[in-house]
Structures are given as structure tokens and as C-alpha cells.
Amino acid sequence: MDAKLCLTNSAFKCLCSALRDKSNDRYVRYAAARALGRTANANAAQAQALCSAFGDADNKICTAATESLEQIGDGCTAALCAVIRKPNEAARIRAAFTLGRIGKRSGGIMNLILTAPTMTGSAIV
């Protein structure tokens with residue numbers, strides 16, 4: 001596993017911005033997605049930035065975002081559950097897949113979903 005990065009607030013904001021800005025070269029967005037998964041100071045803004053990459057036309061960026069969210073783990077549950085309620089089908093599938101991978105590693109997807117602050121288990125059914 002890669003060493004965790006400790007970022008300043010401004011560096012963190014730059015990575016989130018670089019990932020979201022579709023005018024950036026795809027390699028810049030890819031590197032930003034990968035770096036965000038290696039940060040030691042994970043937070044909700046990071047998870048939201050990575051989830052926004054699910055809508056990227058470049059599959060490598062989507063995959064990098066998925067892998068980064070998996071590395072962050074349980075802290076991404078709320079952001080991923082929010083994506084499941086959005087209209088973009090590909091993003092919903094990616095979010096569900098990522099939740100499944102995180103849940104498998106942490107002991108159960110239903111517990112992650114039921115305890116997510118933005119979504120209850122009954123909202124899925």
C-alpha cells in the first residue's frame with residue numbers, strides 16, 4: 001500500500017478542483033483522483049470530489065476515483081449513498097459497486113447504508 005499523503009488545506013482544494021475541472025488534461029484528473037485516495041486527512045469534500053468523477057467520460061478516471069474511494073473506506077458512505085439517488089445510471093452502478101467493496105471489507109454493506117447520514121435503508125427499497 002502507498003504511503004499516506006498529508007496535505008495542506010490549499011493543496012487538498014487544488015486536487016479537488018483539478019479532478020472536477022473537465023478542461024484539465026485527463027492525466028491531471030487521473031493523478032488528482034489517485035492522490036485523493038492516498039491522503040491521510042480524508043473528509044466529506046474529498047469523497048464528493050471523487051464521486052463527481054463517476055460522471056467523467058474517461059473510464060480510467062472513473063476507475064481511479066472508485067479505487068480511491070475504496071482506500072478511504074467507511075468515510076465515503078454518505079457521499080456514495082447520495083450518488084445512488086442521482087439520475088446518472090452509470091454513476092449509480094459505480095457507487096453501488098464501491099459501497100459493496102467497502103462493505104465487504106468492513107463487515108457488511110447494509111450496516112454502512114443503514115447508518116449513512118444521508119440515506120436510510122428504507123430509501124433504497
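Asn59 is located in helix α4 of what is a predicted model. With a relative accessible area of 49%, Asn59 is classed as partly exposed, because the exposed class requires a value over 50%. The C-alpha atom of Asn59 lies 9.9 Å from that of Tyr30, although the two residues are 29 positions apart along the chain. Tyr30 itself falls within the residue range of α2, which runs from 26 to 36, while α4 spans residues 59-72.

The protein as a whole contains eight helices and zero strands, and the order of elements from the N terminus is accordingly α-α-α-α-α-α-α-α. Of the 125 residues in the protein, 39% are buried. When contacts are restricted to pairs of residues at least 6 apart in sequence, 61% of them join residues that are at least 24 apart.

Helix α1, comprising the 12 residues from 9 to 20, was examined for its length and its orientation; at 1.5 Å a residue the expected span is 16 Å, and the end C-alpha atoms are 17 Å apart, so that the two values agree. The buried residues of α1 are Phe12, Leu15, Cys16, Ala18 and Leu19. These residues cover an arc of only 160° around the axis, and they are therefore placed on the same side of α1. On the face turned away from this buried side, α1 carries the exposed residues Asn9, Lys13 and Cys14. The two cysteines of the helix that are named here thus fall into opposite groups, because Cys16 is under the 20% limit for burial whereas Cys14 is over the 50% limit for exposure. The cover over the buried residues of α1 includes α2, α3 and α4, the last of these being the helix in which Asn59 is found.

A search for open spaces gave a largest pocket with a volume of about 180 Å³. The lining of this pocket is formed by Gln48, Cys51, Ser52, Phe54, Gly55, Ala79, Ala82, Val83, Lys86, Asn88 and Ala91. At least two of the lining residues are supplied by α3 (44-52), and at least two by α5 (77-84). Helix α3 therefore appears in two settings, because it is part of what covers the buried residues of α1 and, with a lining residue defined as one having an atom within 4 Å of a pocket point, it also contributes to the largest pocket. In terms of residue class, the lining consists of six nonpolar, four polar and one charged residues, and the charged member is Lys86, because lysine is counted in that class.

Terms used: Residues are numbered from 1 along each chain as its sequence is written. This is a predicted model: local features need pLDDT of at least 70, side-chain atom pairs count only at pLDDT 80 or more; totals for chains, interfaces and linings use all residues. Side-chain values use heavy atoms; hydrogens and water are left out. On a 1 Å grid over the protein atoms alone, a cavity is a set of points where a 1.4 Å probe fits but cannot get out, and a pocket is an open set with protein on both sides within 12 Å along at least five of seven lines; lining residues have an atom within 4 Å of a point. Grid points are joined across faces, edges and corners, and a volume is the space filled by probe spheres set on the points. The expected span of a helix is 1.5 Å times one less than its number of residues. Buried means under 20% relative accessible area, exposed over 50%, partly exposed in between (1.4 Å probe, protein chains only). The arc is that of the directions from the helix axis to the C-beta atoms. Contact means heavy atoms within 4.5 Å.
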